[in-house]
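Work through these exercises with the structure open. Try each task before reading its solution.

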Amino acid sequence: MPTESGSCSTARQAKQKRKSHSLSIRRTNSSEQERTGLPREMLEGQVIASCGNPFKDSKLPSSVRSTLLELFGQIEREFENLYIENLELRREIDTLNERLAAEGQAIDGAELSKGQLKTKASHSTSQLSQKLKTTYKASTSKIVSSFKTTTSRAVCQLVKEYIGHRDGIWDVSVTRTQPVVLGTASADHTALLWSIETGKCLVKYSGHVGSVNSIKFHPSEQLALTASGDQTAHIWRYVVQLPTPQPVADTSQQISGEDEIECSDKDEPDIDGDVSSDCPTIRVPLTSLKSHQGVVIAADWLVGGKQAVTASWDRTANLYDVETSELVHSLTGHDQELTHCCTHPTQRLVVTSSRDTTFRLWDFRDPSIHSVNVFQGHTDTVTSAVFTVGDNVVSGSDDRTVKVWDLKNMRSPIATIRTDSAINRINVCVGQKIIALPHDNRQVRLFDMSGVRLARLPRSSRQGHRRMVCCSAWSEDHPICNLFTCGFDRQAIGWNINIPALLQEK
């Protein structure tokens, strides 16, 4: 009994010692601020004034210097937290050692062998080691996360939001001719054309009686191709007059401290009235492509723009003559509904994706032979497959992977990207070989063709998508926005991606 009382007394003294030390640390950290009554930022300013600014004689722009100072401040705060946690862990080590020694003395009636004491000590040390590793990993991940967040903000900036649809946006596309405008396809049965610079709606197409699932622009004329849930694809002509551009607000400083903030699915953009009601409306198409027996989920132009291909939930893809609207070929072979189709920018090649976990390559380069190749490698729905420069195809799937394929070797992918969420319609920046991955979990990530992650688009409670991101599209030549995304939060977003800085950090 006396030994047990001594053990309790020892533990109590250790607890009081730790509490006293903890309060001492808190007072030490806040003493400077309490004495001066100034906030932390002003104290840091005084330190710079007294010790000298390391960037005083620097030729760097003031904005870069302020960014660097902010980064160094974040690093200092992170290491300060690590230092405090380290002191806490050291005290816990001392407490555990004292407790271990007390337990060894408390067992009065039984004589423990050295082996038993060694086993007990080893077990306690193992638990402590595991706790140290866990704490270290958590602290380190905070620092790494801080660097990644800051990098994403500096390299990827939100420029413009395009708000006007009354339902989710399935697809986004950019014209390949002048004037350069943005097109969106929505579940509200409309397609809208937007001024990229001002965010103003320029044209509204309302010829479909079902959800508009995709939109693609003619390679050389002012024609748009839309696919719909009404089992048709429409070709319609548009004429736009761009408004005078307004200065673009810098939204890079509006991001909250936490880059990842959970938002309610109901927290969506406010739409005051019908934004598209003031713009010209097109209600009748030039041509309607009708042959499918199910939802037309996607459509695209073949090189040259004289033919178009459609993909449907009736498990077929159809090739049409644009001028006559006649069905040229019906592409069959998929076992389940099609999810996407894409054409090669310079060759008569088509790739179709399906829920049957495969995608197929259709070759129309030889008019007499229409060969087909089947790519197998995914374990769930292939949501999209797109061509890149050269002989590569990139496929995304609900199995949370993206695979890069060589058309000359169908057996296995040359690169695999594994993610934490299902992937929707991907897009590749052909010139720089950067893949944009829109996810079900509201994230958009950028990877290179070898599978190296480059960045994640910033998302917070104030900006970014608040629901599933459905599609992405690059516009490599536009000076303001070179990446566009759309989602089921009823908005499209234009981003400025500093590609040289992105590749340099890689």
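Strands are DSSP runs of E, at least two residues long, numbered from the N terminus. The model is predicted.

**Exercise 1. Locate R442 and R400, and classify each by backbone and burial.**

Step 1. R442 lies in the loop between β24 (434-438) and β25 (444-448).

Step 2. Check phi. For R442 the angle is near 80°, a positive value in a residue other than glycine.

Step 3. Check accessibility. Buried means under 20% relative accessible area. R442 has 13%, so R442 counts as buried.

Step 4. Turn to R400. This residue sits in the loop between β20 and β21. Its phi is also positive, about 70°, although R400 is not a glycine.

Step 5. Partly exposed covers the range between under 20% and over 50%. R400 has 44% relative accessibility and therefore counts as partly exposed.

**Exercise 2. Describe the sheet that contains β20 and β21.**

Step 1. Read off the order. The sheet is open, has four strands and runs β19-β20-β21-β22. The pairing is antiparallel.

Step 2. Find the edges. β19 (382-387) and β22 (415-418) each pair on one side only.

Step 3. Add the twist: an average of 15° from one strand to the next.

Step 4. Look at one pairing. β20 (residues 392-397) and β21 (residues 401-406) are antiparallel, with five bridges. V393 stands opposite W405 in β21.

**Exercise 3. Which geometry does the aromatic pair of F359 and W405 have, and which strands does the pair link?**

Step 1. Take the two values that matter. A ring pair is described by the distance of the centres and the angle of the planes.

Step 2. For F359 and W405 the centres are 5.6 Å apart and the planes stand at 75°. The pair is edge-to-face.

Step 3. Place the partners. F359 is in strand β17 (residues 358-366) and W405 in strand β21. They are 46 residues apart, so the pair links distant parts of the chain.

Step 4. Check burial. F359 counts as buried at 0% relative accessibility. W405 counts as buried, also at 0%.

**Exercise 4. How many aromatic pairs does the whole structure hold, and which residues form a cluster?**

Step 1. The search finds nine pairs.

Step 2. One of them is W236 with Y238: centres 6.4 Å apart, planes at 65°. Planes over 60 degrees apart count as edge-to-face, so this pair is edge-to-face.

Step 3. Both W236 and Y238 are buried.

Step 4. Extend the pair. Ring pairs link Y205, F217, W236 and Y238 into a cluster.

Conventions:
Residues are numbered from 1 along each chain as its sequence is written. This is a predicted model: local features need pLDDT of at least 70, side-chain atom pairs count only at pLDDT 80 or more; totals for chains, interfaces and linings use all residues. Side-chain values use heavy atoms; hydrogens and water are left out. Two strands pair if DSSP finds at least two bridges between them. Axes are lines fitted to C-alpha atoms, for helices over the stretch in contact, and angles run from 0 to 180 degrees between N-to-C directions. Buried means under 20% relative accessible area, exposed over 50%, partly exposed in between (1.4 Å probe, protein chains only). Rings of Phe, Tyr and Trp (its six-membered ring) pair if their centres lie within 6.5 Å; planes under 30 degrees apart count as stacked, over 60 as edge-to-face and the rest as tilted.
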